[in-house]
Amino acid sequence: QVQVRESGGGLVQDGGSLRLSCSTDERTFNKFAMGWFRQAPGKEREFVAAINWSGGEANYRSSVKGRFTISKDSAKKMVYLQMNSLKPDDTGVYSCNVGAESGMNLQPPYYYHINVWGNGTLVIVSP
């Protein structure tokens, strides 16, 4: 059974930085697109960033372009989301995804039969 686990959330001031990490097993890491989504209080979950299986393609929501970077570390089987110049509007629970929803947000999209979520990690950006 595919599992993913996030870490790295916390409290940071406006303009600060955080790096989120997502781990999974080797087979999953090498085969599927992975991505980050977030859900702010009272709002629906939204796409943040996705990366394809090889790490050669990535896509971002427009509001984080130039501030956030998604990357893969093949040796550690980790996907990272480096978040710089954080704003209070970036506050939310950030969840790592493997499969369908990440693949759909790549250009061109990738289509998968699995769609697995982590439990999420909380990011709070104070004014």
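## Close-up views of a predicted model

**View 1. Strand E3 and its partners.** E3 (18–23) and E8 (78–83) pair in the antiparallel sense, and six bridges hold the register between them. This is a predicted model, so everything in these panels is read off computed coordinates. To find your place along the E3–E8 pairing, look for Ser21, whose bridge partner in E8 is Tyr80. E3 also pairs with strand E1, a short run covering residues 5–7, again antiparallel but over three bridges. Here the residue to pick out is Glu6, which stands opposite Cys22 of E3. Glu6 turns up again in View 3, on the contact list of Tyr94.

**View 2. Strand E5 between E4 and E6.** What does E5 pair with? On one count, five bridges join E4 to E5, with the two strands antiparallel; on the other, three bridges join E5 to strand E6 (residues 58–60), also antiparallel. Ala49 is a handy landmark because it shows up in both pairings: Trp36 stands opposite Ala49 in E5, and Ala49 in turn stands opposite Tyr60 in E6. E5 is largely enclosed by the rest of the structure, since five of its six residues are buried.

**View 3. The largest nonpolar core, with Tyr94 picked out.** There are 33 residues in this core, and the ones that touch the most other members are Trp36, Leu81, Met83 and Tyr94. Strands E3, E4, E5, E7, E8, E9 and E11 each give two or more residues to the core. The largest share, five residues, comes from E5. As a rule, nonpolar side chains in soluble globular proteins tend to be buried together. Tyr94 is worth a closer look: apart from neighbours within four places in sequence, its contacts include Leu20, Trp36, Phe37, Val48, Phe68, Leu81, Met83 and Val123. The Tyr94 list also takes in Glu6, Arg38, Gly120 and Thr121.

**View 4. Glycines in two hairpins.** The hairpin of E4 and E5 has six residues between the strands, and in it Gly42 takes a positive phi near 75 degrees. Over in the hairpin of E5 and E6, again with six residues between the strands, Gly55 has a positive phi near 85 degrees.

**View 5. Positive phi without a glycine: Lys77 and Ser85.** Lys77 is in the loop between E7 and E8, and its phi is near 60 degrees, a positive value in a residue other than glycine. Is Lys77 buried or exposed? With a relative accessible area of 19%, Lys77 is buried, because the cut-off for that label is under 20%. Ser85 is found in the loop between E8 and E9. Ser85 isn't a glycine either, yet its phi is positive, at about 50 degrees. Its relative accessibility of 40% makes Ser85 partly exposed.

**View 6. The largest pocket.** About 180 Å³ of space lies in this pocket. Which residues are closest to its centre? Of the 13 that line the pocket, they are Arg38, Lys43, Glu46, Asp89 and Asp90. Sorted by type, the lining comes to eight charged, three polar and two nonpolar residues. Arg38 links this panel to View 3, as it is one of the residues in contact with Tyr94.

**View 7. Helix H2 and the cis proline that follows.** Met104 lies in helix H2 and counts as exposed, at 53% relative accessibility. Setting aside neighbours within four places in sequence, Met104 is in contact with Pro109 and Tyr110. Met104 and Ala50 sit 54 residues apart along the chain, and their C-alpha atoms are separated by 9.1 Å. Further along, the loop between helix H2 (100–104) and strand E10 (115–117) holds Pro108. The peptide bond joining Gln107 and Pro108 is cis, with omega at about -5 degrees.

**View 8. Pro127, after the strand E11.** Pro127 is in the segment after E11 (121–126). How much of Pro127 is accessible? The relative accessible area is 89%, so Pro127 is exposed. Beyond its neighbours within four places in sequence, Pro127 is in contact with Asp14 and Pro88. For a sense of scale, the C-alpha atoms of Pro127 and Arg27 are separated by 41 Å, with their positions 100 residues apart along the chain.

Methods: Residues numbered from 1 in each chain as written. Predicted model: local features only at pLDDT ≥ 70, side-chain atom pairs only at ≥ 80, totals over all residues. Heavy atoms only, no water. Helix = DSSP H or I, 4+ residues; strand = E, 2+ residues; numbered from the N terminus. Buried < 20%, exposed > 50% of the residue type's maximum accessible area, 1.4 Å probe, protein only. Contact = heavy atoms within 4.5 Å. Core = buried A, V, L, I, M, F, W, Y, C linked by side-chain atoms within 4.5 Å. Pairing = 2+ DSSP bridges. 1 Å grid on protein atoms, 1.4 Å probe; cavity = no way out; pocket = protein on both sides within 12 Å on 5 of 7 lines; lining within 4 Å. Points joined across faces, edges and corners; volume = space filled by probe spheres on them. Nonpolar A, V, L, I, M, F, W, Y, C, P; charged D, E, K, R; others polar.
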